[in-house]
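Work through these exercises with the structure open. Each one gives a task, then a solution in steps.

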Amino acid sequence: MDLIAELLREHTYENSEQLAWDIMENPKYLDNLFEIFWGNDYRITQRASWVIIIITEWKPKLIKPFVEEMILTLKKDGKNDSIKRNTVRILAEFPIPTHMEGEITEICFSFLNNPSEAVAIKVFSMTILERMVKKHPDLKAELIYSLETGMEFGSAGYKSRGGKILARLKI
């Protein structure tokens, strides 16, 4: 199967679902799908991310071998917002390996506290950080401070998610 050709076909959710289904039936294509996802072509990486998100929802065990590399990829400079946004989106719903919790926490605080970072990346990072606080309560004060600091100039999406998380943290 030529994954790039399949990803460049008509960009619809139905096509992404069909490609996800085909890959779940034949997981040998997952390595290639992730190589495309971590590439430099914005349009193709975005489309690959849709397929990965669908696979994550339907058969998350197939994604598990890629979680560590996804986290390490977030640390690399020059990754486009699509890769960062969709990676933190996937990780927001996926169990983080214990040995990678420090890495993802550091990365997400970096995204959250960076004024030039895209809102969606910050919002998904908030969700991951809230999960990390549940496992590591010593991070709670830092997350509260970061969220409160960002609320003043945050977008509606930032304020909405940040406010909900702050309310749960302050209980």
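**Exercise 1. The largest pocket**

Task: Find which helices each supply at least two residues of the lining of the largest pocket. Then describe that pocket.

Solution:
- Step 1. Start with the helices. At least two lining residues come from each of helix H7 (101-113), helix H8 (119-135) and helix H9 (140-151). The model is a predicted one.
- Step 2. Rank the contributions. H9 has the largest share, with three residues.
- Step 3. Go to the centre. The lining has 14 residues, and Leu112, Pro115, Lys122, Gly150 and Tyr158 lie nearest the centre of the pocket.
- Step 4. Sort by class. Five lining residues are nonpolar, seven are polar and two are charged.
- Step 5. Add the volume. The largest pocket holds about 210 Å³ of space.

**Exercise 2. The second largest pocket**

Task: State which helix gives the most to the lining of the second largest pocket, and give the make-up of that lining by class.

Solution:
- Step 1. Note the volume, about 170 Å³ for the second largest pocket.
- Step 2. Locate the lining. Twelve residues form it, with Leu74, Lys75, Asp77, Ser110 and Phe111 nearest the centre.
- Step 3. Name the helix. H7 gives the most, with four residues.
- Step 4. Sort by class. The lining has seven charged residues, three nonpolar and two polar.

**Exercise 3. The cavity**

Task: Determine how many cavities of 30 Å³ or more a search of the whole structure finds. Then trace the lining of the largest cavity.

Solution:
- Step 1. Count. The search finds one cavity of 30 Å³ or more.
- Step 2. Give its space. The largest cavity contains about 70 Å³.
- Step 3. Trace the wall. Its lining residues are Glu6, Leu7, Arg9, Glu10, His11, Thr12, Asn15, Ser16, Leu19, Arg47 and Val51.
- Step 4. Assign elements. Two or more of these residues come from each of helix H1 (3-8), helix H2 (13-25) and helix H4 (42-58). H2 gives the most, with three residues.
- Step 5. Sort by class. Four lining residues are charged, four are polar and three are nonpolar.

**Exercise 4. A nonpolar surface patch**

Task: Tyr13, Trp21 and Trp58 make a nonpolar surface patch. Place Trp21 in its helix and decide whether it is buried, partly exposed or exposed.

Solution:
- Step 1. Take the patch area, about 340 Å².
- Step 2. Place the residue. Trp21 is in helix H2.
- Step 3. Read its relative accessible area, 46%.
- Step 4. Apply the cut-offs. Buried means under 20% and exposed means over 50%. Trp21 lies in between, so it is partly exposed.

Methods:
Residues are numbered from 1 along each chain as its sequence is written. This is a predicted model: local features need pLDDT of at least 70, side-chain atom pairs count only at pLDDT 80 or more; totals for chains, interfaces and linings use all residues. Side-chain values use heavy atoms; hydrogens and water are left out. On a 1 Å grid over the protein atoms alone, a cavity is a set of points where a 1.4 Å probe fits but cannot get out, and a pocket is an open set with protein on both sides within 12 Å along at least five of seven lines; lining residues have an atom within 4 Å of a point. Grid points are joined across faces, edges and corners, and a volume is the space filled by probe spheres set on the points. Ala, Val, Leu, Ile, Met, Phe, Trp, Tyr, Cys and Pro count as nonpolar, Asp, Glu, Lys and Arg as charged, and the others, Gly among them, as polar. Patches are made of residues with over 30% relative accessible area and no salt bridge: like charges are joined within 9 Å, nonpolar side chains (Val, Leu, Ile, Met, Phe, Trp, Tyr) within 5 Å. Accessible areas come from the Shrake-Rupley method with a 1.4 Å probe; for residues, only the protein chains shown count as cover. A salt bridge is a side-chain nitrogen of Lys or Arg within 4 Å of a carboxyl oxygen of Asp or Glu. Buried means under 20% relative accessible area, exposed over 50%, partly exposed in between (1.4 Å probe, protein chains only).
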